[in-house]
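Biologist: I keep running into labels in structure write-ups and wondering where they come from. Could you take me through a few?

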Amino acid sequence: MANHPVQVIAVSGGKGGVGKSNVSVNLAIGLAELGRRVVVLDADLGLANIDILLGISSARTIENVLAGECDLRDIMVRGPGGIRIVPAASGTQKLSQLNNREHAGLIQAFSELGDDIDVLIVDTAAGISDTVLSFVCAAQEVLLVVTDEPTSITDAYAQIKLLSRDYGMFRFRIVANMVRTPQDGHALFAKLTKVTDRFLDVALQYVGAVPQDDAVKRAVQRQKAVIETYPRSRAAIAFRALAKKVDAWPLPTTPRGHLEFFVDRLVQQQVGV
């Protein structure tokens, strides 16, 4: 049973191709470099990709945990920088169809992590499916990744609108990804806030920007994290700056800061409580 606050951060985005998983992985490594014990949950349950992104493999996934075949610790894979990864079950929508026994098993699985974790980063799927919204709503912090494309801005707005209107969420933290300059990052944030300020009662907070950097592409081709493979690249420096900002966020208070709360909230969202 976890007896200390755990920061649960959902990294999401309105559309695919915005670099959400890259942000999740490199942010996790950056936090680990700061001394945090970080676990990344690949929550793209229908199309797992964290393992592919990092060139790692696991014979078992969270689906095996739900089936009672093993513990959560048994499936966690050690990743770069000391982070740990909970691999998703590719090609299944298992979490959206849990029975009561499986609900309890999921809560127990995360509870067994005990005091062995400081930060849980939940890398969601793209879009605004019920499963994505459930993970986002269950987390304490929401980090939306946006690029300077009309579709990315429009889809990010749609996600914010849904979460605000249907789930009562009002605070969203924004990362501008793949921008040419820091000024472009601020300009992108201004485009998004111009629309949300006009139509929604929400608060957007700008966390920072990650530049367009060929080092990221090269790292992906090598199935490595850019922060580890090209530590002096512009993107790696930006990810470390992002990690320092996230590390300074205030810790959640009990009971919301416990892993059990996150999983319990997730279950409630899935069953419509």
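**Where the labels come from**

Modeller: Sure, let's start with a pair of helices: H7 and H8 are oblique to each other. Keep in mind that this is a predicted model.

Biologist: Why are H7 and H8 called oblique?

Modeller: H7 (residues 150-167) and H8 (residues 182-199) pack at an angle of about 40°. Roughly parallel needs an angle under 35 degrees, and roughly perpendicular runs from 65 to 115. An angle of about 40° fits neither range, so the pair counts as oblique. Their axes are 11 Å apart, and the crossing is right-handed.

Biologist: Which residues of H7 and H8 meet there?

Modeller: From H7 you get Ile 153, Ala 156, Tyr 157 and Ile 160; on the H8 side they meet Leu 188, Lys 191, Leu 192, Val 195, Thr 196 and Phe 199. Sorted by class, that contact has eight nonpolar residues, one polar and one charged.

Biologist: How do you know that the length of H7 agrees with what a helix should span?

Modeller: Count 1.5 Å a residue: the 18 residues of H7 should span 26 Å. The C-alpha atoms at its ends are 25 Å apart, which agrees. Right after H7 comes Gly 168, with a positive phi near 70°.

Biologist: What do the buried residues of H7 pack against?

Modeller: Quite a list! Among their partners are strand E1 (7-12), helix H6 (130-138), strand E6 (141-146) and H8. The buried residues themselves include Ser 152, Gln 159, Leu 162 and Leu 163.

Biologist: Why is Leu 66 called buried?

Modeller: Buried means under 20% relative accessible area. Leu 66 has 5%, so it is buried. You'll find it in helix H3 (residues 62-66). Its C-alpha atom is 8.6 Å from that of Ala 109, although the two are 43 residues apart along the chain.

Biologist: And what makes Met 178 partly exposed?

Modeller: Partly exposed lies between the 20% and 50% cut-offs. Met 178, in strand E7, has a relative accessible area of 34%, so it is partly exposed. Gln 223 is partly exposed too, with 35%.

Biologist: What is noted about the phi of Met 178?

Modeller: It is positive, about 60°, although Met 178 is not a glycine. Most residues other than glycine have a negative phi. Gln 223 also has a positive phi, about 55°, and it sits in the loop between helix H9 (214-221) and helix H10 (226-229).

Biologist: How many helices and strands does the protein chain have?

Modeller: Twelve helices and eight strands. Of its 273 residues, 56% count as buried.

How values were computed
Residues numbered from 1 in each chain as written. Predicted model: local features only at pLDDT ≥ 70, side-chain atom pairs only at ≥ 80, totals over all residues. Heavy atoms only, no water. Axes fitted to C-alpha atoms, helices over the stretch in contact; angles between N-to-C directions. Helix = DSSP H or I, 4+ residues; strand = E, 2+ residues; numbered from the N terminus. Parallel < 35°, antiparallel > 145°, perpendicular 65-115°, else oblique. Left-handed = near helix turned anticlockwise from the far one by under 90°. Contact = heavy atoms within 4.5 Å. Nonpolar A, V, L, I, M, F, W, Y, C, P; charged D, E, K, R; others polar. Expected span 1.5 Å × (residues − 1). Buried < 20%, exposed > 50% of the residue type's maximum accessible area, 1.4 Å probe, protein only.
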